[in-house]
Number of protein chains: 2
Amino acid sequence: MNAPAAIRLHINDDVVIARNQLISGTLIAQESVTVQGLIPAGHKMATRNIAEGEAVRRYGQIIGFASRPIMAGQHVHVHNLSIGDFNRDYAYGKESVDTVPATEAAFFQGIVRGDGRVATRNYIGILTSVNCSATVARAIADHFRRDIHPEALAAYPNVDGVVALTHGVGCAIDPQGEGLAVLQRTLGGYACHANFASVLIIGLGCETNQISDLLATQGLKENVRLHTFTIQDTGGTVKTIQHGIDRIQEMLPAANAVQRQTVSASHLVVGLQCGGSDGYSGISANPVLGAAVDLLVRQGGTAILSETPEIYGAEHLLTRRAVTPAVGEKLVQRIRWWEDHCKRNGASMDNNPSSGNKAGGLTTVLEKSLGGIAKGGSTNLVEVYEYAQPVRAQGLVFMDTPGYDPISATGQVAGGANLICFTTGRGSAYGCAPTPSLKLATNTALWQRQADDMDINCGDVLDGSATIAELGQRFFQMMLETASGRQSRSELHGYGQNEFVPWQLSVIT
Amino acid sequence: MNAPAAIRLHINDDVVIARNQLISGTLIAQESVTVQGLIPAGHKMATRNIAEGEAVRRYGQIIGFASRPIMAGQHVHVHNLSIGDFNRDYAYGKESVDTVPATEAAFFQGIVRGDGRVATRNYIGILTSVNCSATVARAIADHFRRDIHPEALAAYPNVDGVVALTHGVGCAIDPQGEGLAVLQRTLGGYACHANFASVLIIGLGCETNQISDLLATQGLKENVRLHTFTIQDTGGTVKTIQHGIDRIQEMLPAANAVQRQTVSASHLVVGLQCGGSDGYSGISANPVLGAAVDLLVRQGGTAILSETPEIYGAEHLLTRRAVTPAVGEKLVQRIRWWEDHCKRNGASMDNNPSSGNKAGGLTTVLEKSLGGIAKGGSTNLVEVYEYAQPVRAQGLVFMDTPGYDPISATGQVAGGANLICFTTGRGSAYGCAPTPSLKLATNTALWQRQADDMDINCGDVLDGSATIAELGQRFFQMMLETASGRQSRSELHGYGQNEFVPWQLSVIT
Ligand SMILES: [Ca+2]
Ligand SMILES: [Ca+2]
Ligand SMILES: [Ca+2]
Ligand SMILES: [Ca+2]
Ligand SMILES: [Ca+2]
């Protein structure tokens, strides 16, 4: 197969991306356009004549407006493209369009819980209120590790494992503060995650983050699936470990009594992540993931876009796709929170394209941020959540999180994500529990170098062996298979216990 | 033995503490004083006549000044004691006194490293630059866990273990910010800790906290005792785990080739901690630890007092004991930093005694903070360090840390602490690696309830079966024995890998 010389990212785009440097006079066959002048690799070529002032689209989204007339085949960059006043107009909902439902329904093999929610995995979880009970929690989980004690879960083949999700915080913080509220919300979200058949919450006893308050604020009650206890009440380390092992032994038969059944793809709640991005992220893996998300949303499923600092300066792109002004305004409120948060602490969030970005072919802040937003596909923004809030809407939603991968994904899983999809160019090794996490490589070199950790190679888009639409369809199938129980690479390697990192917003005193 | 009715905390004190409620007319034999009026349990009784304006001492330190004349045997509390202008006068060095060297030298069995530093344990450490390499680090450490793979270290009895100290941060932070500098200092301190025979540092590859910068800023170089590598360079999870195991296999023979030898107690560097304090902390365990620290300092050893927010408002107590004005000023600078840090983030650090504190017998902020400061004994403050800075002075020093136990102790160990001494009333389960940690129970009920986790019962002071001086002497011996290799309770239970919590000061974007 002859690799096409340029990559089309979306059917509505006015530009394509040069795979290698394009020389004047070259015919770009699939676009029926002849190159005018020189276009560096990774840069944009116009595919039609564009009048001055007209919007220019990449990823099907506006990246700016022609600052002078542009002819088909010409290089599109800072000399003829600018964002004008776009970034001062949130234009709430102006570009929302009705989602066309899929003509053919998609399914996966899920585990339907008593309350109707659908799980993609079946773990027993051990949570901690504070760092002080982390070692006890890990010791209990170790007792059930299949690689250490294969006999412990031998009679429970339907249980994917027992995982301890520990953390470094929980005390010496303001009991009335936002930081504790966020931690409680995160723990509460995990405590009732559908992928947990049952849960232990273990405390020390005297911590600020009291388990009784945690349960009360999150509307949780102890029951046969949720046991809580503290080291101080139980009488120290050894008794607490034994108590936890005993509780889990009691929970195992019920946890094992599950059967996968065919359920609609609408039960998927997918957290979108990128980490270790490279110049290809916005050309291959992110658009591929976006194409799969569009398919999912057409099935009634849910995808969670996040990483607020990485869309900063381009939030207009999302407010325009908001289904209501209220949804758009929620997003803008979170942007204002971040501006304040950074200002107070002398941090910066400026996302303007750097000179390196520009050399690589990115012209505007919109285009740069769109590289990340492309993971979310092209459907409407139906809801905006704060960190770790329960995600109940169906469609494309936004959850406010930092860009930092483990903290961002932890918020999404707390919100109910039952699948994580993670694009990487440099080579992330991220994995998650209790939610499986798939990794999309942006380029073939990474795919070959770090095959252990990658689930799909989006480098095929770059070498021309597949289109974004084709790979998006293939990856959507992989999402369904993974949700049905097929292990992702990171699950094979036992990732997840160390990647639970709640967002720490408190001053620790 | 007949328990004395009142507890003397220090030989220079003007007050003693009522063990139980004292009734007028009772003779307190050991003080040759008769009680005048009613003195509630835990409250103070004057042991001599005190003139108006005279300083009143507890723990050998000023807790305030008589606001009216006080007679021997009378209750000392808010009605006749206040701090006056004391808290506006740092009086640098005004109360420093020459330390009297011990007449009899004390020793322990230590491991002398090539550079002359003395270790109390002999571990191989695995550090990570970022959360992304945490699972790989833990997998490598698991390969050498004696409880899982007893064969792995069978030939290396002098190696205490292989521990992975992982964390949740390292990326999406300001590369020029204070937060990264603090993280690098912490990792640097561990990387060259005497208790590590050798160290691996493992990264992902694309993180903000680059290993090359970490080494450069900390003056470290790769050598036969310090190997670094990344998952991206090594080619993914499986190869990186194998590479780490291979490196450690190579390091083990040299790590095992150590012998303990008799060294001076002056080589002890003791981090002082309290957590889960109760009403007895300031009466039993903290003064006992302080008595032991005084013995240590007289031997030329070092003790690190920390937990800045818990001395807030009473920093005058330490500035007065500073050996030079410069040392006192460093402490005050850190206090100002905390005021600013809290103000910027809407947090509070007010340490005034609450009404509950007052009901329990604490009169002034000085007295409340002294309850914690008492851990440091009564010698001069010879130096002040920022978090995780290398501690090089000998004597009583201060390191600025939060009060939160794991973060505070992590800073002390980064600074070189080769023993942690931790007082607790509610029942902490803290443990540390590579530094052993001893726990002092403040009361006998805790000692009995949570015997697993406690190393010494300071409740003996409360029930009168030992004086503070006696228990201080006994605990000093325990410090020497522990430094010589006797395992603390928390080491027996495998604590340490989950309690490494670097102070996170960065905004995470
Ligand atoms: Ca952790
Ligand atoms: Ca319970
Ligand atoms: Ca990210
Ligand atoms: Ca190396
Ligand atoms: Ca503390």
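Before we start, one term: a donor is an N, O or S atom within 2.8 Å of the metal (3.2 Å for Na, K and Ca), and since water is not among the atoms, sites may look incomplete. This is a predicted model, where local features need pLDDT of at least 70, side-chain atom pairs count only at pLDDT 80 or more, and totals for chains, interfaces and linings use all residues. Residues are numbered from 1 along each chain as its sequence is written, chains are lettered from A and ligands numbered from 1 in the order in which they are written, and side-chain values use heavy atoms, leaving out hydrogens and water.

**Exercise 1. Find the donors of the calcium ion (ligand 3) and their spacing along the chain.**

Step 1: look around the ion. A:Cys274 (O), A:Glu307 (OE), A:Gly403 (O) and A:Asp405 (OD) coordinate it at 2.3 to 2.5 Å.

Step 2: write the spacing. Along the chain, these donors follow C-x32-E-x95-G-x1-D.

Step 3: check burial, which means under 20% relative accessible area, with exposed over 50% and partly exposed in between (1.4 Å probe, protein chains only). A:Gly403 and A:Asp405 are both buried.

**Exercise 2. Work out which residues hold the calcium ion (ligand 2).**

Step 1: list the contacts to the metal. A:Glu222 (OE) appears twice, joined by A:Thr228 (O), at 2.3 to 3.0 Å.

Step 2: look at accessibility. A:Glu222 is partly exposed at 44%, whereas A:Thr228 is buried at 17%.

**Exercise 3. Describe the contact between chain A and chain B.**

Step 1: count residues in contact (heavy atoms within 4.5 Å). Chain A gives 58 residues and chain B gives 58 residues.

Step 2: take the buried area, meaning the accessible area (1.4 Å probe) that two parts lose on being put together, summed over both. Here that's about 4600 Å², with 53% from carbon and sulfur atoms.

Step 3: look for salt bridges (a side-chain nitrogen of Lys or Arg within 4 Å of a carboxyl oxygen of Asp or Glu). There are 2 between the chains. B:Arg145 forms a salt bridge with A:Asp142, their closest N and O atoms being 2.8 Å apart.

**Exercise 4. Explain how helix α1 of chain A is enclosed.**

Step 1: fix the terms. Helices (H or I, at least four residues) and strands (E, at least two) are DSSP runs, numbered from the N terminus.

Step 2: count burial. In α1(A), 8 of the 10 residues are buried, so the helix is largely enclosed by the rest of the structure.

Step 3: find the cover. It includes β12 (123-128), β13 (161-165), β14 (196-203), α4 and α5 of chain A, together with α1 (134-143) of chain B.

Step 4: zoom in on A:Thr135, which lies in this helix and is buried at 6% relative accessibility. Beyond its neighbours within four places in sequence, A:Thr135 contacts residues including B:His493, B:Tyr495 and B:Glu499. The side chains of A:Thr135 and B:Glu499 share a polar contact of 2.5 Å. (A polar contact is a pair of N or O atoms within 3.5 Å; within protein, one must be able to donate a hydrogen and the other to accept it, and residues adjacent in sequence count only if both atoms are side-chain atoms.)
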